[in-house]
Amino acid sequence: DLKPLWISRVGVVGNTMKFQFLLLFTFLSPVAALRRLNATGVSAPSVSHNGQTIDVSAYSDAIQTSFRIVAKVKFNNMNANYPNIFHGLDGNTVSFTSHGLGPAYGAKRGQAAFYLQTSTNIGPHGRGINYAGGWLPSKIRMDDGQWHKYELIKGVAGTALIVDGQRIEAQLADVEKDSSKFMMKRCTSILVGKAKGGSGFDGDIGDVQIFIQGKQVFGPSLGSYDLAHGIAPTGSSDSHWGRFYGATDGLEERVWHSKNWEYPSSLTLEFPVPSKIDGMKILTPLHHLNYGFKTLEIFRSDDGKSWDMVRSDTVNECKKGRVSEHDGWGKVTKFVQIKMKDRCGGGAFAIAEWQIFGVPAENLAEGIVPSGSSDSKWGRFAGATDGKNNVGWHAGNGDYPSSLTLNLGLATSISGMTLLTPGNSPNYGFKSLKILRSMDGTSWTAVRTDSISECTASRSSFHPGWPEKTKYVKIEMFERCGGGHFAVVEWQIFGTQDKCKGKLLPSGNDRFPCDSIKDEKACRKSYMKIPTGETFQCGVRKASEDV
């Protein structure tokens with residue numbers, strides 16, 4: 001497949017090779033070029049998901065507001081009337097459906113459809129969107145025995161169906177009045193293809209990826225994706241012509257629009273976790289050229305307070321539906337801000353789509369059991385880092401201050417941490433968190449103490465990293481929000497680690513082939529199971545080190 005990144009346009013930031021590549025496509029409009037990035041030569045998927053039922057119960061609330069599903073779909077034939085592609089359910093209640101259009105659909109036979117059911121029962125048949133019958137038909141046929149790139153989008157105020165880059169979308173009739181009501185019915189499972197019995201699906205579906213509020217929650221990792229989708233930014237202003245969510249909801253017809261005569265205008269987006277940014281794309285409104293910027297200043301931040309300027313990009317071209325590309329940067333970030341200057345015309349800036357491509361930083365703590373001051377029958381140490389939000393660590397009653405310590409196994413550059421408190425009570429949180437680091441687990445250096453005044457259930461707090469490398473991280477909790485103990489549902493640590501290319505050499509003849517394990521995380525976890533006294537050769541590590 002052609003990758004969905006890094007095709008430059010005339011007058012847009014980019015290197016010479018990228019610029020020359022796009023000259024082959026100058027007969028396309030800017031929007032057509034954006035849509036055609038994966039439109040040709042769709043290869044077979046790396047993995048088939050046909051017949052699977054995907055559990056999304058952990059995201060049943062968030063998916064009601066927005067989601068994006070990407071897959072590769074092939075029909076051998078479309079002889080059944082409603083061959084299932086995706087079918088979202090909560091028990092027996094339908095949340096959304098996407099299926100092929102069989103013989104019963106006459107002239108539309110061979111195409112596909114997408115519609116959802118709103119919890120507020122608005123729009124045609126309760127489907128919300130202002131389109132005939134409340135369902136979207138694909139623009140192209142799919143009953144040709146070929147693989148097709150298939151994408152479903154549910155935004156804050158509309159839906160879109162994209163097949164091989166050909167998009168159709170529809171919005172609510174009155175976005176200002178109804179967008180808060182455009183909530184899909186609860187969804188806990190998604191049936192793929194033949195998983196819906198009796199639909200008559202004949203073909204295959206693979207490389208299914210599900211994204212909810214900027215996070216990939218299912219599917220193979222296929223590189224950079226749009227981290228911003230479904231996360232409403234904040235900014236200097238929005239207006240009744242376009243609210244903040246219009247910049248990142250995946251719908252090109254719905255925009256963000258600043259207030260008139262505000263200058264400069266800015267948008268700020270916070271990622272759920274620190275992320276590596278590979279680049280950005282910005283699409284200006286499709287129907288007017290005046291809303292574009294000529295200068296874009298890009299900033300990054302770890303905490304949303306202290307900002308580093310990445311650079312200032314210049315874009316000279318001013319026209320409808322302009323797509324501009326902006327390179328990423330090396331350091332992981334939690335917040336991105338763009339500041340728009342030098343209008344193309346008129347009295348306001350507007351953006352139809354702001355896409356930020358990258359990958360979330362790896363949670364290095366997941367699966368590594370911490371130690372600490374105490375745990376209890378209500379929650380053992382392992383619950384703090386097991387990757388599940390329904391189980392946590394619970395300190396013993398009266399334990400104060402309470403602490404958790406984690407051995408990351410390798411020298412690590414920490415980009416940040418998140419801590420999630422239980423959802424059943426606000427009492428388990430801390431108001432003060434002392435963070436310490438160590439290379440040997442014995443000698444500790446205080447990094448800083450963070451203060452949090454908010455005490456709520458399911459509170460997620462982010463704590464920026466620090467420049468010094470560390471192998472051990474300790475957190476000490478002070479000032480309870482209430483009750484007699486602290487509790488943490490999930491402790492995540494993000495960063496990068498020294499790569500390990502050596503081998504463990506026991507005293508016998510057996511060799512531990514850690515350099516043959518492609519998964520760095522699995523390799524690192526294996527080290528931690530090895531007893532003291534083994535000879536270990538890895539980077540700067542010394543023989544007989546306790547790893």
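A nonpolar core is here a set of buried Ala, Val, Leu, Ile, Met, Phe, Trp, Tyr and Cys residues joined through side-chain atoms within 4.5 Å. In this predicted model, the largest such core has 36 residues. Within this core, the residues with the most contacts are I69, F86, F96, Y150, I190 and I205. At least two core residues are supplied by each of the strands β2 (67–75), β3 (84–90), β5 (112–116), β7 (147–154), β8 (158–163), β9 (166–171), β10 (189–192) and β11 (203–212). Strand β2 gives the most to this core, contributing five residues. A second core of 27 residues is separate from the largest one; among its members are Y225, A247, F293 and I298. In soluble globular proteins, nonpolar side chains tend to be buried together.

Further along the chain, strand β26 spans residues 430–438. This strand is mostly covered, with seven of its nine residues buried. Strand β26 pairs with two strands, described in turn below. With strand β29 (residues 470–480), β26 forms an antiparallel pairing over eight bridges, in which I435 has I475 of β29 as its bridge partner. With strand β27 (residues 445–451), the pairing of β26 is likewise antiparallel and runs over six bridges. Here S432 is matched with S451 of β27 as its bridge partner. The hairpin of β26 and β27 has six residues between the strands, and in this hairpin G441 takes a positive phi near 80 degrees.

Methods. Residues are numbered from 1 along each chain as its sequence is written. This is a predicted model: local features need pLDDT of at least 70, side-chain atom pairs count only at pLDDT 80 or more; totals for chains, interfaces and linings use all residues. Side-chain values use heavy atoms; hydrogens and water are left out. Buried means under 20% relative accessible area, exposed over 50%, partly exposed in between (1.4 Å probe, protein chains only). Helices (H or I, at least four residues) and strands (E, at least two) are DSSP runs, numbered from the N terminus. Two strands pair if DSSP finds at least two bridges between them.
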